[in-house]
Amino acid sequence: MRRQLLLELVAILPRSRSTHVPNDANMEDEGGSGYSGLREEHVVKASALLRLYCALMGIAGLRPTDEEAEQLLQLMTSRPPATPAGVRFVSLSFCKLLAFPTLVSTPEQEQLMVMWLSWMIKEEEYFER
């Protein structure tokens, strides 16, 4: 079951994502630097997978493997399109971060989360809706 969930997770991740944190000069260029967004047709499935992982981790006590945690973090920090489903996905990702802060365990992952939170702040006007 875990392997199948991981395969589903990897299948919807943006292809150019990596945990490599670009330098400050590259942060402004969201079109490059490995920060492509989550495709619109994957947003609802991504939300369902996050909910499922939340239930498994919270209720069933599942501890994610390092690979699962890395892929979940990449999914959580992906940037969905500006749609109602995208806004729900971002809210869900933020809640998962608050509920499971252990998913962020390295300085590189922490920097990735800081950059994602900065992106959310920059897009504040849209996400307030």
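A residue counts as buried when its relative accessible area is under 20%, as exposed when it is over 50%, and as partly exposed in between. With these limits in mind, Cys-95 is classed as partly exposed, because its relative accessible area is 46%. The structure described here is a predicted model, and every value below is computed from its coordinates or from the confidence scores that accompany them.

The mean pLDDT of the protein chain is 82, and 81% of its residues reach 70 or more. Over residues 17–35, by contrast, the pLDDT is below 50, although in the model this stretch has 31 contacts beyond near neighbours in sequence. Where pLDDT is low, the predicted coordinates should not be read in detail.

The protein chain contains seven helices and zero strands, and the order of its elements from the N terminus on is therefore written α-α-α-α-α-α-α. Of the 129 residues in the protein chain, 43% count as buried. The surface that the protein chain exposes comes to about 7300 Å², of which carbon and sulfur atoms supply 55%. When contacts between residues at least 6 apart in sequence are considered, 74% of them join residues at least 24 apart.

In soluble globular proteins, nonpolar side chains tend to be buried together. In the present model, the largest nonpolar core has 31 residues, and those with the most contacts inside it are Leu-9, Leu-50, Leu-72, Leu-75, Phe-89 and Leu-103. Two or more residues of this core are given by each of the elements α1, α3, α4, α5 (84–99) and α6 (107–122), and the largest share, seven residues, comes from α3.

Phe-89, one of the residues with the most contacts inside the core, illustrates how parts of the chain come together. When residues up to four places away in sequence are not counted, Phe-89 touches Leu-38, Val-43, Ala-46, Ser-47, Leu-50, Leu-75, Met-76, Ser-78 and Pro-80. Of these partners, Ser-47 has its place in helix α3, which spans residues 43–58. Ser-47 is classed as buried because its relative accessible area is 5%, and under the same exclusion of sequence neighbours Ser-47 touches Phe-89 and Leu-92.

Charged side chains were examined next, and the count comes to three salt bridges. In one of them, the side chains of Glu-68 and Arg-2 meet with an N to O distance of 2.5 Å. This pair links distant parts of the chain, given that Glu-68 belongs to helix α4 (residues 66–76) and Arg-2 to helix α1 (residues 2–12), 66 residues apart. The two partners differ in their accessibility class: Glu-68 is buried, with a relative accessible area of 3%, whereas Arg-2 is partly exposed, with a relative accessible area of 30%.

The side chains of Lys-45 and Glu-8 also meet in a salt bridge, with an N to O distance of 2.5 Å. Because Lys-45 lies in helix α3 and Glu-8 in helix α1, this pair ties together parts that are 37 residues apart in sequence. Lys-45 counts as partly exposed at 37% relative accessibility, and Glu-8 likewise counts as partly exposed, at 27%. A further salt bridge is formed by Arg-39 with Glu-41, whose closest N and O atoms are 2.2 Å apart; here Arg-39 is partly exposed, with a relative accessible area of 48%.

His-42 is found in the loop between α2 (24–27) and α3, and it counts as buried because its relative accessibility is 17%. Not counting residues up to four places away in sequence, His-42 touches Ala-11 and Ile-12. The C-alpha atoms of His-42 and Leu-13 are separated by 8.4 Å, although these residues are 29 residues apart along the chain.

Finally, the cysteines were considered. A disulfide is a covalent bond between the sulfur atoms of two cysteines. The structure holds zero disulfides, and for Cys-54, which is in none, the nearest cysteine sulfur is that of Cys-95, 8.3 Å away. The reasoning can be followed from the cut-off, since a disulfide requires a pair of cysteine sulfur atoms within 2.5 Å. The sulfur of Cys-95 has its closest cysteine sulfur in Cys-54, and because the distance is 8.3 Å, it is too far for a bond.

Key. Residues numbered from 1 in each chain as written. Predicted model: local features only at pLDDT ≥ 70, side-chain atom pairs only at ≥ 80, totals over all residues. Heavy atoms only, no water. Buried < 20%, exposed > 50% of the residue type's maximum accessible area, 1.4 Å probe, protein only. Helix = DSSP H or I, 4+ residues; strand = E, 2+ residues; numbered from the N terminus. Contact = heavy atoms within 4.5 Å. Salt bridge = Lys/Arg side-chain N within 4 Å of Asp/Glu carboxyl O. pLDDT = per-residue confidence, 0-100. Areas by Shrake-Rupley, 256 points an atom, 1.4 Å probe, with all protein chains shown as cover. Core = buried A, V, L, I, M, F, W, Y, C linked by side-chain atoms within 4.5 Å.
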